[in-house]
Amino acid sequence: MKKNFIKIFKTLVLVVLMFAINISCTKKRTYVEIVNGKLKVYPTELGLYDSIPYDTISKINESEVYGYDTWRLPTTEELSLLKEKGYLSKKEYMTEENKKGMVLLVTDNLYAKALREKEEKLARAKEYDDWINGLYNQEHDFIDLGLSVKWASCNVGANSPEEYGEYLEDVWKEDSLSRHVAWRVPSVDEFNELIDKCKWTWTKLNDVNGYDITGPNGNSIFLPATGYYGYDGEFYVNEACRYLSSTPAYKGYEWCTYYLWADSSEYHTYLINFRWRLQTVRPVLDPENVSEYMRLGTLAALEDDYDKAIGYYSEVIKVNSDFSPAYMRRGTCFFKLGKEEQAVDDFINYLRINDSWTAFDILLEKSDLYFEVVFHKLKDQCDKYPQNSSWPYYVGVVCDRNEQYGLALKYYKRSYEIEPDSILLENIKDVKNNIKKQRS
């Protein structure tokens, strides 16, 4: 009897020791632990399952247990890491691939609350950025008043001359400059030029008070009486014009600037404007700034308003007659309107400035429809520039494509005489073969 008791006791001790050893090999957790700085481990095992307990995991995530709503099964690699770090017993653990075993959850995401706050912050930032970009990308018609700059026909954020548009802080002008927009906030000198050289008439446009401002050349703009917004609400709305300038009131005091004030009895520039006062902006454009005209031309073309796009591209060419992209884009618009003469002229001007196969490929394709126009206008360039081998070569390629092999041979030979080239010899050989085929 005593021997049996001793035997049973030893067996119990052995079992307890084995259990203790097993427990000591697995880390006990009462809170979420982070492994390798990223992977969070659920404090307790959920138990043994024969299939993935989607409902249980879903309820845990809905309740945001321990502050997370993205608990999931670990991957095989993550299980290996956890085993290496002493988080696992010798049991078989469940993964998405191994759908049986002990369930232990992990996550590598932020706290649910922190994640939501982050997403909300990003959403607000995107909303603000979209709003700002919408203002910067707004299409403005710029009016030439005969002054040093052109003035937009309406305020930033407005769609018509009498609309007030957006009320903006003084710091906004710095943000606009950082985004490299082509138009800008006017300076105090430009406002003073508007005052000194233009005729100002207090009037109404669609029941909105404001000034009709007529420039030396007879063109005009309308400035609505926008007033401004301060801490205590709106002031002088529909009673006075108040517009932001980009000029600091004092050197080193960029936080306060000049502004334009204009009511029914007076109009002049003032200081000081503090940045917490929200005011409207009437943009200006430097006449030699081609990038805004190119942008506006592209926007108009995307809306199929080709006449308007042609107007913008023409402004670019007025400023810089050697700016080749304007010719190609204007030429494309002319083609869209069926004005092939003007279109071909623009593509030839592009080739004159920039010997580019991209432009010539378009012209070559158009020669299928407008062969006579393309041929004669390229031929004129051969006569105008007799020592340039490119023009007769272009004529030869156009004739070759349109099976005018006699003319192609003539102009290929002419190009070769000016500048011998092995490719031209191949072209001449091919054209001669095609002539033989035509005659046979």
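The exercises below, each with a worked solution, concern a predicted model.

**Exercise 1.** Work out in what order the three strands of the open sheet stand, and which of them are at its edges.

*Solution.* Begin with the order, which is β1-β2-β5, with antiparallel pairing. Next consider the partners: β1 (33–35) and β5 (106–107) each have a single partner strand, so one side of each is left without a neighbour in the sheet, and these two strands therefore stand at the edges. Finally, look at one of the pairings in detail: β1 and β2 (residues 39–41) are joined in the antiparallel sense by three bridges, and Glu 33 has Val 41 in β2 as its bridge partner.

**Exercise 2.** Determine how helix α3 lies relative to this sheet, and which of its residues are buried and which are exposed.

*Solution.* First place the helix: α3 (residues 76–84) lies across β1, β2 and β5, and runs at about 65° to β2. Then turn to its side chains, where Glu 78, Leu 79 and Leu 82 are buried. These residues are on the same side of α3 because they cover an arc of only 105° around the axis. The cover over the buried residues of α3 includes β1, β2 and β5, whereas Glu 77, Lys 83 and Glu 84, on the other side of the helix, are exposed. As a last step, follow the chain just past α3, where Gly 86 takes a positive phi of about 85°.

**Exercise 3.** Decide whether Lys 377 is buried or exposed, and list the residues that it touches.

*Solution.* Locate the residue first: Lys 377 belongs to helix α12 (residues 371–384). Its relative accessibility is 17%, and since buried means under 20%, Lys 377 counts as buried. When residues up to four places away in sequence are not counted, Lys 377 touches Glu 341, Val 344, Asp 345 and Ile 348.

**Exercise 4.** Explain why strand β9 is largely enclosed, and trace its pairing with β8 and β10.

*Solution.* Start with burial: five of the seven residues of β9 (residues 208–214) are buried, so the strand is largely enclosed by the rest of the structure. Now take the pairing with β8 (residues 199–205), which is antiparallel and extends over seven bridges, with Lys 199 having Thr 214 in β9 as its bridge partner. The two strands form a hairpin with two residues between them, and in the turn Asn 206 has a positive phi of about 50°. Then consider β10 (residues 220–224), which runs antiparallel to β9 and is joined to it by five bridges; here Ile 213 has Ile 221 in β10 as its bridge partner. β9 and β10 also form a hairpin, with five residues between them, and Gly 218 in that turn has a positive phi of about 95°.

Notes:
Residues numbered from 1 in each chain as written. Predicted model: local features only at pLDDT ≥ 70, side-chain atom pairs only at ≥ 80, totals over all residues. Heavy atoms only, no water. Pairing = 2+ DSSP bridges. Helix = DSSP H or I, 4+ residues; strand = E, 2+ residues; numbered from the N terminus. Contact = heavy atoms within 4.5 Å. Axes fitted to C-alpha atoms, helices over the stretch in contact; angles between N-to-C directions. Buried < 20%, exposed > 50% of the residue type's maximum accessible area, 1.4 Å probe, protein only. Arc of directions from axis to C-beta.
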